Amino acid sequence: MSAKIVVDGITKGFGALSVVDNVSFEVGDGEFVAIVGPSGCGKSTLLNIIAGFERPDRGSVRVNGVERAGPNKNGIMISQHGSVFPWLTVQENLMFGLTGTSHDRQAARAERYIAMVGLAGFEKAYPHELSGGMLKRAEIARALVVKPEILYMDEPFSALDALMSLRMQTELRRILDEERHTVLLITHDVEEAIYLADRILVLSPRPTTIQTLFDVDLPHPRKLSDPKAQRLREAILKELGL
């Protein structure tokens, strides 16, 4: 598998506070990598550097062999805070990023992704008219409609209740089976990481380093009750000191 993202010796601090310490790893083209670690260890800072929203003090990030100097349209961030525009309908939110194409083609493409995430019939709804789960589906559709090569996901389902979070994980996995994207996921939920990812990076407490790596050698769809999944869960929790 060719390397899509190469993180090379990333170090970052804020004043006297050292946050990320010489982190290096690669993400293959089409690979789903989850990153877990203690609260406050620097997971989001690391993701923001990889996505181009922050600059490292030392080290570099290369995407498709090109050093990352800032945000790029080949990647989209989906965060826990949400990013849909409240004054636009679901359809208008999706069409917003589709510049350079005709209105009819924009509408057809938006409709396809609205249907893909199960929001057909809600095209004209505004964000305040949607449930939390539906809003997250709209946000995922808005990210996918521009066909990004990379999805950067920072605890995207953390604000949802446990049942809705499980539903959204299943929905995301179904979408990724249809469309190929490279994914970097930050999560505090070990079971979410096991359910979704091809590989899991466990970070150390701050200043964060990569403590260990786990390959998730389980076919999709996955059952977390599988003994292999349970053993993996226990091993990751042990690395996290639990």
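# A tour from loop to core

Start by selecting P207, which sits in the loop between strand 9 (199-203) and strand 10. Strands here are DSSP runs of E with at least two residues, helices are runs of H or I with at least four, and both are numbered from the N terminus. What you have open is a predicted model, where local features need pLDDT of at least 70 and side-chain atom pairs count only at pLDDT 80 or more, while totals for chains, interfaces and linings use all residues. Residues are counted from 1 along each chain as its sequence is written, and side-chain values use heavy atoms, with hydrogens and water left out.

**Two cis bonds**

Look at the bond that leads into P207: R206 and P207 are joined by a cis peptide bond, with omega about -5°. Now jump to P221, in the loop between strand 10 and helix 7 (227-239). The peptide bond from H220 to P221 is cis too, with omega near -5°.

**Strand 10 and I210**

Next, click on I210, which belongs to strand 10 (residues 210-215). Is I210 buried or exposed? Neither, quite: I210 is partly exposed, with a relative accessible area of 24%. Buried means under 20% relative accessible area, exposed means over 50%, and partly exposed is in between (1.4 Å probe, protein chains only). Show its surroundings and, leaving out residues up to four places away in sequence, you'll find I210 touching V23, S24, F25, L201, V202 and L203. A contact, by the way, means heavy atoms within 4.5 Å. For a sense of scale, draw a line from the C-alpha atom of I210 to that of P86: they are 38 Å apart, with these positions 124 residues apart along the chain.

**K12 and helix 1**

Move to K12 in strand 1 (residues 3-14). This lysine is buried, with a relative accessible area of 12%. Not counting residues up to four places away in sequence, its contacts include T45 and I49, along with S18, V19 and V20.

T45 and I49 are also among the buried residues of helix 1, so select that helix now. Helix 1 (residues 43-51) has 7 of its 9 residues buried, so it is largely enclosed by the rest of the structure. The buried ones are K43, T45, L46, L47, I49, I50 and A51. Just past helix 1, check G52, which has a positive phi of about 95°.

**Three loop stops**

First up is N74, in the loop between strand 5 (66-67) and strand 6 (75-79). N74 counts as buried, at 12% relative accessibility. Ignoring neighbours within four places in sequence, N74 is in contact with V63, N64, R68, P148, E149 and I150. The C-alpha atoms of N74 and V63 are 9.2 Å apart, although the two are 11 residues apart along the chain.

Now pick K147, in the loop between helix 4 and strand 7 (150-154). Its phi is near 55°, a positive value in a residue other than glycine. K147 is partly exposed, at 44% relative accessibility.

Then try E155, in the loop between strand 7 and helix 5. Phi of E155 is positive as well, near 45°, and this residue isn't a glycine either. E155 counts as buried, at 16% relative accessibility.

**Helix 4 against helix 5**

Select helix 4 (residues 132-144) and helix 5 (residues 162-178): their axes come within 10 Å and cross at roughly 25°. That makes helix 4 roughly parallel to helix 5. Axes are lines fitted to C-alpha atoms, for helices over the stretch in contact, and angles run from 0 to 180 degrees between N-to-C directions. Angles under 35 degrees count as roughly parallel, over 145 as roughly antiparallel, 65 to 115 as roughly perpendicular and the rest as oblique.

Which residues meet here? G133, K136, R137, I140 and L144 in helix 4 meet M164, M168, E171 and I175 in helix 5. They divide into 5 nonpolar, 1 polar and 3 charged. Ala, Val, Leu, Ile, Met, Phe, Trp, Tyr, Cys and Pro count as nonpolar, Asp, Glu, Lys and Arg as charged, and the others, Gly among them, as polar.

**Into the core**

Last stop: the largest nonpolar core, with 50 residues; F32, L94, L151, M153, I194, I200 and I236 have the most contacts inside it. Helix 4 gives the largest share of this core, 6 residues. Such a core is a set of buried Ala, Val, Leu, Ile, Met, Phe, Trp, Tyr and Cys residues joined through side-chain atoms within 4.5 Å. Zoom in on M153, which touches L47, I78, L172, V183, L184, L185 and I186, not counting residues up to four places away in sequence. Apart from this core lies another, of 24 residues, among them V7, V19, V27 and L201.
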